[in-house]
Amino acid sequence: MDTQEALRRPDTLSSQEQEIDDAATIARDIETLFRPRWHVAGHIDQLAAPGAYLTFALGDREAVIRRTADGHVHAFYNVCPHRGSLLCEGRTGVASPRAIMCPYHGWTFEPADGALMKAPYMHDDFDLAGWRLYPVHADVWRGLVLVSFADERPASLADAVDADALDGFDGSGWKLATFTSDDVPAAWRTVFESEGATGESAHSWQPGSTIVVGPDRVRVQVSRPTGAGTTVTDQYWLIRDEPTGREAGA
Ligand code: FES
């Protein structure tokens, strides 16, 4: 059952009496409807600086996504395998481009494959090869940085998108103008239903994710449930990297 189907089911519509917001239901929804999919975690602009990273949370999982010097994007669970410390803080940031270092005991990981390179204070025969960061799927599609916590890598988003509806949009030629993130105290079905009722001409290329393509700007919206029963909605506003003829008054 996908999220659109879940929204249509009479017994899952947003009714307080139907107790659709209980923690077990939301946890199941996260696991079955959201975890197997790609999610937009940011725009490639945000990973331009050496060592720049993005983080993205879904339920109780969080990923850290980075681009290495060779241009590839890699993602790992944002948790140290030693004692579970958070590796990178905030939605965006800049760390060393050469390594991912845990702030707690200084374990240091290779940024492309997550292999443990250094483990200070461990005994001499400590086996570095037995430890590494836990990988998460990552991709870049039309300038949008994607992440997925699925067990198996999901099919390319290109297969799920109506290219005509996007009117040729390719975000890799655009710049990120504004990013907002709101945590709304409402269950995801309630939020999704109200978004569907706005009548806005948005291409829903994935449940919970929409893109509105205009001539000079694009809005990408990504909504998802949290484990606390609220709904996080991220919005990315992209503008053209170069002025169009119309903007220049031509
Ligand atoms: S928790 Fe990360 S190095 Fe110890």
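These exercises, with worked solutions, cover a sheet, its loops and some aromatic pairs.

The model is predicted: local features need pLDDT of at least 70, side-chain atom pairs count only at pLDDT 80 or more, and totals for chains, interfaces and linings use all residues. Residues are numbered from 1 along each chain as its sequence is written, and side-chain values use heavy atoms, without hydrogens and water.

**Exercise 1. Give the strand order of the open sheet of seven strands, and name its edge strands.**

Step 1. Fix the terms. Strands (E, at least two residues) are DSSP runs, numbered from the N terminus. Two strands pair if DSSP finds at least two bridges between them.

Step 2. Read the order. The open sheet runs S1-S10-S9-S4-S3-S2-S5, with antiparallel pairing.

Step 3. Find the edges. Strand S1 (39-43) and strand S5 (92-94) each pair on one side only.

Step 4. Add the twist. Neighbouring strands of this sheet are turned by 30° against each other on average, direction ignored. Axes here are lines fitted to C-alpha atoms; angles run from 0 to 180 degrees between N-to-C directions.

Step 5. Look at one pair. S9 and S10 pair in the antiparallel sense over five bridges. Val140 has Val145 in S10 as its bridge partner.

**Exercise 2. Place Tyr121 and Arg142, and state how exposed each one is.**

Step 1. Set the scale. Buried means under 20% relative accessible area, exposed over 50%, partly exposed in between (1.4 Å probe, protein chains only).

Step 2. Take Tyr121. Its loop lies between strand S8 (116-118) and strand S9 (135-141). Phi of Tyr121 is near 70°, positive in a residue other than glycine. Tyr121 is exposed, at 76% relative accessible area.

Step 3. Take Arg142. This residue is in the loop between S9 and strand S10 (144-148). Arg142 is not a glycine, yet its phi is positive, about 50°. Its relative accessible area is 26%, so Arg142 is partly exposed.

**Exercise 3. Classify the ring pairs Trp107–Trp131 and Phe169–Trp174.**

Step 1. Set the cut-offs. Rings of Phe, Tyr and Trp (its six-membered ring) pair if their centres lie within 6.5 Å; planes under 30 degrees apart count as stacked, over 60 as edge-to-face and the rest as tilted. The whole structure holds seven aromatic pairs.

Step 2. Apply them. Trp107 and Trp131 are edge-to-face, at 5.0 Å centre to centre and 85° between the planes. The two residues are 24 residues apart: Trp107 sits in the loop between strand S6 (100-101) and strand S7 (108-109), Trp131 in the loop between S8 and S9.

Step 3. Check exposure. Trp107 is buried at 1% relative accessibility, and Trp131 is partly exposed at 30%.

Step 4. Turn to Phe169 and Trp174. Their ring centres are 5.5 Å apart and their planes are at 70°, so this pair is edge-to-face. Phe169 and Trp174 are buried.

Terms used
Helix = DSSP H or I, 4+ residues; strand = E, 2+ residues; numbered from the N terminus.
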